[in-house]
Amino acid sequence: MKPPKDYKEDLNSVIELMNNTQDLKLDIWREHVVFTGHWWIGVTLTIVPWLLWIFFRNKESSNRLLFVGFFLMIFSTFLDFIGTKSGLWFYYYDVIPFIPAFVPWDITLIPVSVMLLIEWKPQVNPFTKGLLFSGITAFAVEPLFVWIGLYQPVHWQHYYSFPIFFLLYLISHFLSKRKNFKQVSN
């Protein structure tokens, strides 16, 4: 069944508006964001945690932890994308202006924090670590990002994030304990 002609015309109009909006956002980003102190904070938060992880990780667990890290990158970016596109929150100082999600948060801070927490005191109950991670992230880091001016919740409360971060940690812990990875020989 072919969509009505009005549908395509309406959708083309929306796409044109979105492209114009993106061009405007890029111009604003170039003029007011790139190379500012806030932008450099974002760049630093994107790079430094990975450097710390490289030096302090258990080298024998790298592949297993990177599997968890990539899961977290994909999932947190997806959730962040939904949140920003739904108008639940937004970011003032994007490191990269083409991505609605906040790169330092989704690509670095969440995965590196969880990977380090999984390695730290592995005998501690994952529920305890999940509560610690979600509590600090939702009730300390998110408000700090608001205070610094990086993040602005619109239709979102920090306590909404708590169960999401808790579940992300538990799923990550579960994935990190999988034993069905096979060594591939050449």
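**Figure 1. Phe35 in the predicted model is exposed, with a relative accessible area of 57%.** The structure shown in this and the following views is a predicted model. Phe35 sits in the loop that joins α1 and α2. Its phi is near 70°, which is a positive value in a residue other than glycine. Because the cut-off for an exposed residue is over 50% relative accessible area, the 57% of Phe35 places this residue in the exposed class.

**Figure 2. Lys121 is a second residue with a positive phi, although it is not a glycine.** The phi of Lys121 is about 45°. This lysine belongs to the loop between α4 and α5. With a relative accessible area of 42%, Lys121 is partly exposed.

**Figure 3. The protein chain is built from 6 helices and 2 strands.** Read from the N terminus, the order of the elements is α-α-α-β-α-α-β-α. The C-alpha trace spans about 60 × 50 × 40 Å along its principal axes. The chain has 186 residues, and buried residues make up 37% of them. Among the contacts with a separation of 6 or more, 72% are between residues 24 or more positions apart. The accessible surface of the chain is about 12000 Å², and carbon and sulfur atoms account for 68% of this area.

**Figure 4. A salt bridge joins Asp94 to Lys25.** Side chains of opposite charge can pair when their charged atoms come close. How many salt bridges does a search of the whole structure find? The search finds 2. In the one shown here, the closest N and O atoms of Asp94 and Lys25 are 3.0 Å apart. The pair links distant parts of the chain, with the two positions 69 residues apart in numbering. Asp94 is in the loop between β1 (89–91) and α4 (103–119), while Lys25 is in helix α1 (residues 5–32). Is Asp94 buried or exposed? Asp94 counts as buried, because its relative accessibility is 5%. Lys25, at 32% relative accessibility, counts as partly exposed.

**Figure 5. Arg30 and Asp27 form a salt bridge inside helix α1.** The closest N and O atoms of this pair are 3.6 Å apart. Arg30 and Asp27 are 3 residues apart, about one turn of the helix. An α-helix has 3.6 residues a turn, so residues three or four places apart point the same way. Arg30 counts as exposed at 51% relative accessibility, and Asp27 is partly exposed, with a relative accessible area of 43%.

**Figure 6. Asp106 is a buried residue that has no salt bridge.** Asp106 is placed in helix α4. Which side chain of opposite charge is nearest to Asp106? The nearest is Lys25, and it is 12 Å away. A salt bridge needs a nitrogen within 4 Å of a carboxyl oxygen, so the 12 Å to Lys25 is outside this cut-off. Leaving aside neighbours within four places in sequence, the residues in contact with Asp106 are Leu72, Met73, Ser76, Thr77, Asp80, Ala101 and Pro111.

**Figure 7. The largest nonpolar core holds 29 residues.** In soluble globular proteins, nonpolar side chains tend to be buried together. Within this core, Trp105, Val114, Phe133, Phe145, Phe165 and Tyr169 touch the most other members. Two or more residues each come from α2 (37–56), α3 (62–85), β1, α4, α5 (126–148) and α6 (158–176). Helix α4 gives the largest share of the core, 8 residues. Val114 can be followed as one of the members named above. Beyond its neighbours within four places in sequence, Val114 is in contact with Val68, Leu72, Phe133, Tyr169 and Ser172. Another core, of 7 residues, lies apart from this one and includes Leu26, Trp29, Val33 and Val43.

**Figure 8. Helix α2 has 20 residues, and its buried residues pack against α1, α3 and α4.** From its first C-alpha to its last, α2 reaches 28 Å, close to the 28 Å expected at 1.5 Å a residue. Which residues of α2 are buried? They are Trp39, Gly42, Val43, Thr46, Pro49, Trp50 and Trp53. Of these, Val43 also appears in the core of 7 residues.

Key. Residues are numbered from 1 along each chain as its sequence is written. This is a predicted model: local features need pLDDT of at least 70, side-chain atom pairs count only at pLDDT 80 or more; totals for chains, interfaces and linings use all residues. Side-chain values use heavy atoms; hydrogens and water are left out. Helices (H or I, at least four residues) and strands (E, at least two) are DSSP runs, numbered from the N terminus. Buried means under 20% relative accessible area, exposed over 50%, partly exposed in between (1.4 Å probe, protein chains only). Lys and Arg count as positive and Asp and Glu as negative; His and the chain ends are not counted. Contact means heavy atoms within 4.5 Å. A nonpolar core is a set of buried Ala, Val, Leu, Ile, Met, Phe, Trp, Tyr and Cys residues joined through side-chain atoms within 4.5 Å. The expected span of a helix is 1.5 Å times one less than its number of residues. Accessible areas come from the Shrake-Rupley method with a 1.4 Å probe; for residues, only the protein chains shown count as cover.
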